[in-house]
Amino acid sequence: MDIETGRILSSSNSCRGTPREAAWEITKSNPHTSLQVLDDHDGPSPEEESSLMEINVQSLLKEIDAKNGVAQFDLEISFEFRNLTYTVPNTRRTLFCALPKFANCARPGDSSSTSRHVKLPASPSVTLLQNLSGKARDGEILAVMGPSGSGKSTLIDALAQRISREKLSGSITLNGQEVDGHQLRNISAYVMQDDLLFPMLTVQETLTFSASVRLPACHTKAAKRARVSTLLRQLGLEKVADTIIGDEGCRGISGGERRRVSIGVDIVHGPLLLFLDEPTSGLDSSSAYMVVKTMKHIADMGSIVIMSVHQPSDRILGLIQNLMFLANGQMIYMGHPKDLTDYFTKFNHGYPIPSAHGNAAEFALDLIQVLNCMPGGIKPLVDRFKSIRASAHGHSSSATTADQRRPCDLSTSSKAVLHPAIPTGISGAIAASIAKGRLMSTSGYVEHCNDSATLILKFANSRWHEIGVLIWRCIANIRRTPELFYTRLGTVIGSGLLLSTIFWQLDHSPKGLQERLGFFAFAMSFTYYSCVDTLPIFLQERFIFMRETSHNAYRKSSYVLANAIVYIPFLGVLSLAFAVTTFWGVGLSGGVHGFLFFFLIIWASFWSGNSFATFLSAIIPNVILGYTVVVAVLAYFLLLSGFFRSRDRIPDYWLWFHYMSLIKYPYEAVVRNELMNSSLASDNAAAACYETAGEIFSATPLGLILSQPKIVTVLEYLRQNYMSGTAYQNLNTSTCMIDGAAVLQNQSITQLGKWSCLGITVAFGALYRLLFYVALIISAKNSRR
Ligand SMILES: Nc1ncnc2c1ncn2[C@@H]1O[C@H](COP(=O)(O)OP(=O)(O)OP(=O)(O)O)[C@@H](O)[C@H]1O
Ligand SMILES: [Mg+2]
């Protein structure tokens, strides 16, 4: 393989329009493949100097003709979509629409509907996006505008390939090459409308976590810290770096700052494409301006930014180069925002936009609302745009007027204007992006089996690194909310003490045996029930997890493992507390060995209960529903554990559930530990007696009639006449009639030893973690329904 080394010095690209240059000094002599990128966008700061990074690009460099050593390139990156149409089954019927008071009543794609003459669509499907085409370039912000319900979010989702491709027709290309969702995921970021952040982490910790998982291992810790500092500065978050994010209950940073942190989390690795759904909504005008300014800065650094916006101010419009206007899923304008006034003035038959409507964008929104409620709907707007686009298609080279020039360049060729040395298509876009100092997660460039393609490694870091970082975040979260752990510990200690006082020093009488079994059944089911509080924990994290894994920040399996590793010691502390508060209080047998086993089986129960609740939280994304199901299933587990009805008496058709019962195994383990305790090495030696011959009448009506001397006489009579040659030939009042082994036989606890029960309980915990992982893979798909 011909391996080369390249060094790219990307020049400042802050001035749009001038061709950006990159000097590629490619030294063929070095046998190692590496590409160094020195980022000097704003003039290199000491921090940026330290973010000098090495990026391996074997396949990419092969595609670059470096024969002359140094080459000059035009590094344009273009993202183009053509004829995008998205149709979904028409499941919702907007009955409200029939009422005149609902003014904005047109269905998407129904350009001719009116408010008063609305008919519910008879068609079985509804078209949310109709034949949309457009183009976005690096260095520019493509803003999507339109009234509520016009399809902005749907378009952003479609472009980010977050909706099912079967229902979406048309093409999405990067530098002329069709991109699929998998490729896009690795080079893009999607900033959702909601800020999904851990409220208890500080701004700096949040960004540090993101840098740790999104930037590859070739970046030193210092380089990652430098990247976080740069981001904090770029996002204007330096002042609040050490403030927690906060939530409704705990005041943290402001809404605008939170928005910028959300953006920072997704851009830490310098994505080539950045999609944002309404990044400014809910913010005051100055915060909104700050956010869009940050976006502009990111675009200037070489990313393509595509975002939806609601009613942007003039200042915000000034930062946008490309504006797309949607109405009912159709395009009614595409071009520079400054041409908007001209465009709509012409549409308004030359009458200027009334000042009462504010800027042209607001006028356009109002106009759509008005047209929507008139016969014909927005058809005139759609037709006008179509005709201008059609005429521009024919005269694109000679177009001179404002509304011919910009709205129509969506029809230009999708072929990227690149130096022949840079491959076009996705590889070319990636090469250009790296040259601009973007795509910092690309150290993982690997050669694809197909010669012509290059790939970025799916994950930037190794599994162990991911697990380490996830554990760090989990512990940081737990440390900030110690009350949650202490509350749970308090509950466990309180319950242990309560049980101790209720079952204080149980004796070995037949009644004491029943109470002992009752204590075990309750104690084991308590460990499972107390794990129910795990349920909301993942439900809270669920959307953060989905956001993070949707762009391959880390492996889902790393999350599952880290989550388990963090819990195990905490559950150990809870188990110890429960074992200490009950073992001696209740008067259980077995001394230190018995205690240790009791502690271990409680730990195993907490572990399998925790895993079970975690698994359910992945398949039932609703707390109330989740609680209902967990409580019911645990009740069935207890019912069929063998305590209420022994195994040999459970109807055959329910036996399968008996074996699936999580409570059966720890229950049997503690009963065995208690009843067969005299030797740890052997389960066969019984120690305690639970019923002597003198007690056999005590639980019967005869017990009231027969006094102790009479019982002695009866036993003596039996011994003399019936017991010779049997195990009871020495029968007297103290002969043991029911020992531990007999109890186990009676309870049908005969199939498994206590260590096997312990092993099965632990294995159940592992199995439910595995099922949790499978559920995450199936349910956490990053596509909208
Ligand atoms: N799966 C679906 N089935 C049917 N209709 C849908 C579906 N998804 C979205 N819609 C409809 O498509 C239209 C566009 O939705 P979208 O969320 O893209 O609007 P929007 O422009 O982002 O609105 P807003 O500004 O309020 O966020 C809406 O009328 C919405 O109700
Ligand atoms: Mg929306």
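**View 1. Helix 11 packs on the sheet of this predicted model.** Helix 11 (residues 360-372) lies across strand 7, strand 13 and strand 14. Its direction is at about 15 degrees to strand 13. Helix 10 (residues 340-347) lies across strand 13 and strand 14. Against strand 14, helix 10 runs at about 130 degrees.

**View 2. Six strands make an open sheet.** The strand order is 10-11-12-7-13-14, and the pairing is mixed. Strand 10 (188-191) and strand 14 (330-335) are at the edges. Each has a single partner strand, so one side of each lacks a neighbour in the sheet. Direction ignored, neighbouring strands are turned by 15 degrees against each other on average.

**View 3. Strand 7 pairs with strand 13.** Strand 7 covers residues 141-145, and strand 13 covers residues 322-327. The two run parallel and are joined by four bridges. Across this pair, alanine 143 stands opposite leucine 323 of strand 13.

**View 4. Strand 11 is covered on both faces.** Strand 11 spans residues 273-276. Leu273 and Phe275 are buried on one side. Leu274 and Leu276 are buried on the other. In a regular strand, side chains alternate between the two faces of the sheet. Strand 10 runs parallel to strand 11, with four bridges between them. Here tyrosine 190 stands opposite phenylalanine 275. Four bridges also join strand 11 to strand 12 (residues 304-308), again in parallel. Leucine 274 stands opposite valine 305 in strand 12.

**View 5. Two loop residues have positive phi: glutamate 278 and asparagine 328.** Most residues other than glycine have a negative phi. Glutamate 278 has a phi near 45 degrees. It sits in the loop between strand 11 and helix 8 (285-300). Its relative accessible area is 7%, so glutamate 278 is buried. Asparagine 328 has a phi of about 50 degrees. The loop that holds asparagine 328 connects strand 13 and strand 14. Asparagine 328 counts as buried because its relative accessibility is 5%.

**View 6. A nonpolar patch lies on the surface.** Leu767, Leu770, Leu771, Val774, Ile777 and Ile778 form the patch. Together they have about 490 Å² of accessible area. Isoleucine 778 lies in helix 27 (residues 754-779). Its relative accessibility is 58%, so isoleucine 778 counts as exposed.

Terms used
Residues numbered from 1 in each chain as written. Chains lettered and ligands numbered in written order. Predicted model: local features only at pLDDT ≥ 70, side-chain atom pairs only at ≥ 80, totals over all residues. Heavy atoms only, no water. Patch = residues over 30% accessible without salt bridge, like charges linked within 9 Å, V, L, I, M, F, W, Y side chains within 5 Å. Areas by Shrake-Rupley, 256 points an atom, 1.4 Å probe, with all protein chains shown as cover. Salt bridge = Lys/Arg side-chain N within 4 Å of Asp/Glu carboxyl O. Buried < 20%, exposed > 50% of the residue type's maximum accessible area, 1.4 Å probe, protein only. Pairing = 2+ DSSP bridges. Axes fitted to C-alpha atoms, helices over the stretch in contact; angles between N-to-C directions. Contact = heavy atoms within 4.5 Å.
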